[in-house]
Amino acid sequence: MMDDECSTDFSPRCVQRAYLYLERNVDVTGPPFTSSDLALMSFDPDEVTRLVGLQPTTTWRSDDPDPVSGTSRLRRFSSWKYEQPEAHNYITEEVVVSLLDAVEPYTEGIDTACRTLGMRAGIMVVITMHGDRNTDDGGPHVSTAAITYTAQTLRRLVRLGLSLEHDQYVLLPD
């Protein structure tokens, strides 16, 4: 069997995670963000949780400490996310459908939060693919994710009023 062919006896070298996010429905020009932009992107995540009815996996308010930075830096804007566990899988639609199954019961709450608080909602899929270097010429070899969606999945996204974004990373050894 060639390396690019699917096999069930190995762990995919593609890790995907998806999360639902709600953010202020504002168009800003940054980054870099102006102080006016940052004020527009601030909101109370607890109010979003109350309206949506779904317990988020991650929230923060603007001016909360940013533990990721390792400094005393403060968060510049607010965030509300509901994330599914990572999946070792090349099929992106399976990751998105799993998230839709989890959040679809909260459709009315998502819509209420968006209308009431001036928010927009979307799904972000983060895809990390691990590659190798060809032993002959040192060139990269990466099996990539299959980013395709059926009409049924696209209709579900539309019914929920969700945008869909993908963030992709390829990691290669030195």
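A residue counts as buried when its relative accessible area is under 20%, as exposed when that area is over 50%, and as partly exposed in between, using a 1.4 Å probe and protein chains only. By that yardstick, Arg120 comes out as partly exposed, with a relative accessible area of 28%. The model here is a predicted one, so to speak of local features takes a pLDDT of at least 70 and side-chain atom pairs count only at pLDDT 80 or more, while totals for chains, interfaces and linings use all residues. Residues are numbered from 1 along each chain as its sequence is written, and side-chain values use heavy atoms, with hydrogens and water left out.

Now for the charged pairs. Side chains of opposite charge can pair when their charged atoms come close. A salt bridge here is a side-chain nitrogen of Lys or Arg within 4 Å of a carboxyl oxygen of Asp or Glu, and the structure holds 13 of them. One of these joins Arg120 to Glu23, with 2.9 Å between the closest N and O atoms. Arg120 sits in strand β5 (residues 119-130) and Glu23 in strand β1 (residues 14-24), so this pair ties together parts that are 97 residues apart in sequence. Strands (E, at least two residues) and helices (H or I, at least four) are DSSP runs, numbered from the N terminus. Like its partner, Glu23 is partly exposed, at 30% relative accessibility.

Asp66 and Arg73 make another salt bridge, and here the closest N and O atoms are 3.0 Å apart. The two ends of this pair sit in rather unlike surroundings: Asp66 is buried at 7% relative accessibility, whereas Arg73 is exposed at 51%.

Glu104 and Arg156 also meet through their side chains, in a salt bridge of 2.6 Å from N to O. This pair links distant parts of the chain, 52 residues apart: Glu104 is in the loop between α3 (92-103) and α4 (107-117), and Arg156 is in helix α5 (residues 151-160). Glu104 is partly exposed, with a relative accessible area of 26%, but Arg156 is buried, at 9%. The pair doesn't stand alone, either: salt bridges with shared partners join Asp101, Glu104, Arg156 and Arg159 into one network.

Away from the charged pairs, there is Ser79, found in strand β3 (residues 79-83). Ser79 is buried, with a relative accessible area of 6%. Leaving aside residues up to four places away in sequence, Ser79 touches Phe43, Pro45, Thr58, Thr59 and Trp60, where contact means heavy atoms within 4.5 Å.
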